[in-house]
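Work through these exercises with the structure open beside you. Try each task before you read its solution.

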Amino acid sequence: MPKSREQKQEILRDLSHRIEKSKSVVFMKFSRLGVRENEELRKELKKEEGEYYVAKKTLMDLAFKDSKIDGLDVKSFDGQVAVVFGYQDEVAPAKAVDSFRNKLEEKDKVEFLGGILENKFIDAGKVKELAGLPSKQELYAKVVGSMNAPVSGFVNALAGNLKNLVYVLKAVGEGKQ
């Protein structure tokens with residue numbers, strides 16, 4: 001059943017709101033995804049504070065035209081198009097979709113079409129590259145580990161000198177007995 005004009009306007013407002021609050025957006029083509037697979041993808045995205053949204057390409061195109069993203073034409077995408085919004089981490093939506101895609105037996109059920117990062121349209125290849133990047137948490141862990149390495153090395157060097165002093169004192173004590 002076709003949607004009424006009011007329903008379409010509500011979808012447009014909803015999409016516009018999601019676009020405003022998102023840090024990154026991924027467009028994906030999906031075909032032959034079952035209900036269970038759709039729900040699994042939604043759960044994965046929810047863990048990453050992302051969201052999976054499906055609407056008609058015409059409505060998506062109108063919502064994204066209002067956001068003034070250069071080089072984006074949603075109508076030009078082939079097949080059924082879904083939008084994945086990332087609200088916290090810019091890389092998380094691409095990583096979650098890529099992870100989900102890798103779990104599927106038929107990889108062609110889901111594919112990247114493009115995305116939006118820093119209010120610029122990026123092609124499917126760039127989105128795939130984003131999916132390969134480490135998450136913010138992994139990068140934070142690497143930075144902290146790098147900062148901690150010299151300190152732990154210094155502590156180990158001091159501990160080694162103290163151990164050597166203890167061995168010398170023990171040897172001197174044994175020699176006096």
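The exercises below go from the sheet to the helices and then to single residues.

This is a predicted model, in which local features need pLDDT of at least 70, side-chain atom pairs count only at pLDDT 80 or more, and totals for chains, interfaces and linings use all residues. Residues are numbered from 1 along each chain as its sequence is written, and side-chain values use heavy atoms, with hydrogens and water left out.

**Exercise 1. The sheet**

Find the order of the strands in the open sheet, and name its edge strands.

Solution.
- Step 1. Know the terms. Strands (E, at least two residues) and helices (H or I, at least four) are DSSP runs, numbered from the N terminus. Two strands pair if DSSP finds at least two bridges between them.
- Step 2. Read the order. The open sheet has 5 strands, arranged β2-β3-β1-β4-β5, with antiparallel pairing.
- Step 3. Find the edges. β2 and β5 (120-123) each pair on one side only, which makes them the edge strands.
- Step 4. Check the twist. On average, neighbouring strands are turned by 25° against each other, direction ignored.

**Exercise 2. Bridges of β1 and β4**

Work out how many bridges join β1 to β3, β1 to β4, and β4 to β5.

Solution.
- Step 1. Start with β1 and β3. They run antiparallel and are joined by 6 bridges. M28 faces A82 in β3.
- Step 2. Go to β1 and β4. This antiparallel pair has 7 bridges. V26 has G115 in β4 as its bridge partner. F27 has G114 in β4.
- Step 3. Move on to β5. It is joined to β4 by 4 bridges, again antiparallel. Here G115 stands opposite I122.
- Step 4. Look at the hairpin of β4 and β5. There are 2 residues between the strands, and E118 takes a positive phi near 55°.
- Step 5. Ask how covered the strands are. Buried means under 20% relative accessible area, exposed over 50%, and partly exposed in between (1.4 Å probe, protein chains only). In β1, 6 of 7 residues are buried. In β4, 6 of 8 are buried.

Keep one rule in mind: in a regular strand the side chains alternate between the two faces of the sheet.

**Exercise 3. Two helices that meet**

Decide how α4 and α5 are oriented: roughly parallel or roughly perpendicular?

Solution.
- Step 1. Define the angle. Axes are lines fitted to C-alpha atoms, for helices over the stretch in contact, and angles run from 0 to 180 degrees between N-to-C directions.
- Step 2. Take the values. α4 (residues 92-103) and α5 (residues 124-132) pack at about 90°, with axes 8 Å apart.
- Step 3. Apply the cut-offs. Under 35 degrees is roughly parallel, over 145 roughly antiparallel, 65 to 115 roughly perpendicular, and the rest oblique. α4 and α5 are therefore roughly perpendicular.
- Step 4. List the contacts (heavy atoms within 4.5 Å). A94, K95, D98 and R101 in α4 meet V127, K128, L130 and A131 in α5.
- Step 5. Sort them by class. The contact has 4 nonpolar, no polar and 4 charged residues. Ala, Val, Leu, Ile, Met, Phe, Trp, Tyr, Cys and Pro count as nonpolar, Asp, Glu, Lys and Arg as charged, and the others, Gly among them, as polar.

**Exercise 4. Helices beside the sheet**

Name the buried residues of α3, and say what covers them.

Solution.
- Step 1. Pick out the residues. In α3 (residues 57-66), L59, M60, D61, A63 and F64 are buried.
- Step 2. Find the cover. It includes α1 (5-21), β1 (24-30), β2 (50-54), β3 (81-86) and β4 (110-117).
- Step 3. See what follows. K68 comes after α3 and has a positive phi, near 55°.
- Step 4. Turn to α2 (residues 35-47). This helix lies across β1, β2 and β3, and runs at about 145° to β2.

**Exercise 5. Single residues**

Is S22 buried or exposed? Then locate A159 and G153.

Solution.
- Step 1. Place S22. It sits in the loop between α1 and β1, and is buried at 14% relative accessible area.
- Step 2. Check its surroundings. A polar atom of the S22 side chain lies 3.0 Å from the backbone oxygen of I19. Leaving aside neighbours within four places in sequence, S22 is in contact with F85, G86 and Y87.
- Step 3. Go to A159. This residue is in α6 (residues 136-176) and is partly exposed, at 30%. A159 and V84 are 75 residues apart in sequence and 52 Å apart in space, C-alpha to C-alpha.
- Step 4. Finish with G153. It is also found in α6, and is partly exposed at 36% relative accessibility. Its C-alpha atom is separated by 58 Å from that of K56, 97 residues away along the chain.

How values were computed: Polar contact = N/O pair within 3.5 Å; in protein donor to acceptor, adjacent residues only side chain to side chain.
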